[in-house]
Amino acid sequence: MSLHTAEFDVEGKRAIVTGASQGIGRTVAETLATGGADVAICSRSQDRVDPVAEGINDDPASGDCLAVECNVRDREAVEAFVEATVEELGGVDVLVNNAGGEFVAAFDDISPNGWESIIDLNLTGTFHCTQVAGEAMRGGDDPGGVVINMSSVNGQHAAPNESHYSAAKAAIIRLTETLSVEWASHDIRVNCVAPGLIQTPGVAETLGIDESDMPPREAVDRRIGHTEDIADVVQFLASPAAAFVNGETYTVKGVPRAGNSMSTDLGLQ
Ligand SMILES: NC(=O)c1ccc[n+]([C@@H]2O[C@H](COP(=O)([O-])OP(=O)(O)OC[C@H]3O[C@@H](n4cnc5c(N)ncnc54)[C@H](OP(=O)(O)O)[C@@H]3O)[C@@H](O)[C@H]2O)c1
């Protein structure tokens, strides 16, 4: 029996990862680069993405990294980011729509502005990046590519006090399915990852925990994950091993508590 491990390879691919100054996005970028992909990363702050790029570029065995300041809510900034990526890396093969976030509030307490900001960041940001990077994927010598969206278990289940975020993340799952059909003829696969609770700087701050509180990745019965748990699934979806996977949402949540949602883990219900 052959395991076809080369099929899991991302070497030579050109990948965009949004929201990569910390947390899941940073580990996704570092993982893809370690696998030999060239990566273009962004966040709202050049000062925060530069050190990530330096770390990747300091490793001669890794792919190259381009760091750009880009707010995914800003269409013109997204266009400039993708243009810079095509110029520097020669094209786009993979887009990881990772930038996202939320604040915790009861539905009645969410202002129109607060609602719009969360929909804009999570859903409209994904729309901007996918439309612009999709055009780049269809151009060039070797058209086609892979889009990987970041939803959440809170897009799959009720998430009290996170209704804006939950609505945006649910919409991302449906967008993934729809686009996987629309773009199949362009040889672009569109898939999604729905993480459970993953320790990142943002989540650690909310929960008041640090690395030393976490069980190792090898532990059984884990209820909080590491950023590597998500990055490994993203790498699989980006690789030829997932060539027949399209329109799917991969839930990555370890062992959930009763209630099945991140809100339960955060003590919000
Ligand atoms: N951690 C979890 O438990 C969990 C669970 C389910 C889903 N997710 C999803 O996974 C993704 C990453 O989560 P995380 O916990 O790693 O987040 P995080 O630690 O808060 O990091 C968010 C990243 O996004 C960047 N960012 C925020 N707003 C941006 C914008 N408008 N434009 C560009 N970049 C922006 C931030 O950089 P700057 O601040 O430098 O701009 C940062 O690099 C999000 O989509 C989140 O909804 C996370």
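This is a short talk on a predicted model of a protein chain with a ligand.

Hi everyone. Keep in mind throughout that we're looking at a predicted model. I'll start with the ligand, go on to the salt bridges, and finish with a few individual residues.

So, the ligand. Where does it sit? The ligand is in the largest pocket. The elements that give two or more residues to the shell around it are α1, which runs over 23–34, plus α5 and α6. Which of these gives the most? That's α6, with three residues.

How many residues surround the ligand? There are 30 of them, and the closest are Ser-21, Arg-48, Asn-71, Asn-98 and Tyr-165. If you'd like to find them on the screen, Ser-21 is a good place to begin: an N or O atom in its side chain is 2.7 Å from an oxygen atom of the ligand. Two other residues reach ligand oxygen through the backbone. For Gly-19, a backbone N or O atom lies 3.3 Å from an oxygen atom of the ligand, and for Ile-24 the distance from a backbone N or O atom to a ligand oxygen is 2.8 Å. And how much of the ligand is covered? On its own the ligand has 890 Å² of accessible area, and the protein covers 92% of that.

Okay, on to charges. As a reminder, side chains of opposite charge can pair when their charged atoms come close. In this model the count is nine salt bridges. I'll show you a few of them.

Let's take one inside a helix. The side chains of Arg-174 and Glu-177 form a salt bridge, at 2.8 Å from N to O. Why can these two meet? Both are in helix α5, residues 163–182, and they are three residues apart, so about one helical turn separates them. Glu-177 is partly exposed, with a relative accessible area of 31%.

Now for another pair, Arg-217 and Asp-229. Their side chains also meet in a salt bridge, and the N to O distance is 2.8 Å. This pair links distant parts of the chain, with the two positions 12 residues apart in numbering. Arg-217 is in the loop between α6 (201–207) and α7 (227–238), while Asp-229 is in helix α7 itself. Is Asp-229 buried or exposed? Asp-229 has a relative accessible area of 13%, so it counts as buried, the cut-off being under 20%. Arg-217, at 33%, is partly exposed.

Asp-229 has another partner as well. Its side chain meets that of Arg-222 in a salt bridge, at 3.0 Å from N to O. Both Asp-229 and Arg-222 are buried. Put that together and you get a network of salt bridges linking Arg-217, Arg-222, Asp-229 and Asp-232.

While we're in that stretch, have a look at Asp-221. Asp-221 is in the loop between α6 and α7, and its phi is near 65°, a positive value in a residue other than glycine. Asp-221 is partly exposed, with a relative accessible area of 48%.

Where else do we see a positive phi? Asn-161 has a phi near 70°, and Asn-161 is not a glycine either. You'll find Asn-161 in the loop between β5 (145–150) and α5. Asn-161 is partly exposed, at 27% relative accessible area.

A few more residues before I stop. Ser-43 is in strand β2, residues 38–43. With a relative accessible area of 8%, Ser-43 is buried. What does its side chain come up against? A polar atom of the Ser-43 side chain lies 3.1 Å from the backbone nitrogen of Ser-45.

Then there's Thr-249, in strand β7, residues 249–252. At 22% relative accessibility, Thr-249 counts as partly exposed. Thr-249 and Ser-152 are 97 residues apart in sequence, with their C-alpha atoms 9.6 Å apart in space.

Set that beside Gly-91 and Glu-211. These two are 120 residues apart in sequence, and C-alpha to C-alpha they are 37 Å apart. Gly-91 lies in the loop between α3 (75–89) and β4 (94–97), and Gly-91 is buried, with a relative accessible area of 8%.

That's my tour. Thanks, everyone.

Terms used
Residues numbered from 1 in each chain as written. Predicted model: local features only at pLDDT ≥ 70, side-chain atom pairs only at ≥ 80, totals over all residues. Heavy atoms only, no water. Salt bridge = Lys/Arg side-chain N within 4 Å of Asp/Glu carboxyl O. Helix = DSSP H or I, 4+ residues; strand = E, 2+ residues; numbered from the N terminus. Buried < 20%, exposed > 50% of the residue type's maximum accessible area, 1.4 Å probe, protein only. Near = heavy atom within 4 Å. Polar contact = N/O pair within 3.5 Å; in protein donor to acceptor, adjacent residues only side chain to side chain. Areas by Shrake-Rupley, 256 points an atom, 1.4 Å probe, with all protein chains shown as cover. 1 Å grid on protein atoms, 1.4 Å probe; cavity = no way out; pocket = protein on both sides within 12 Å on 5 of 7 lines; lining within 4 Å. Sits in = over half its atoms within 2 Å of the grid points.
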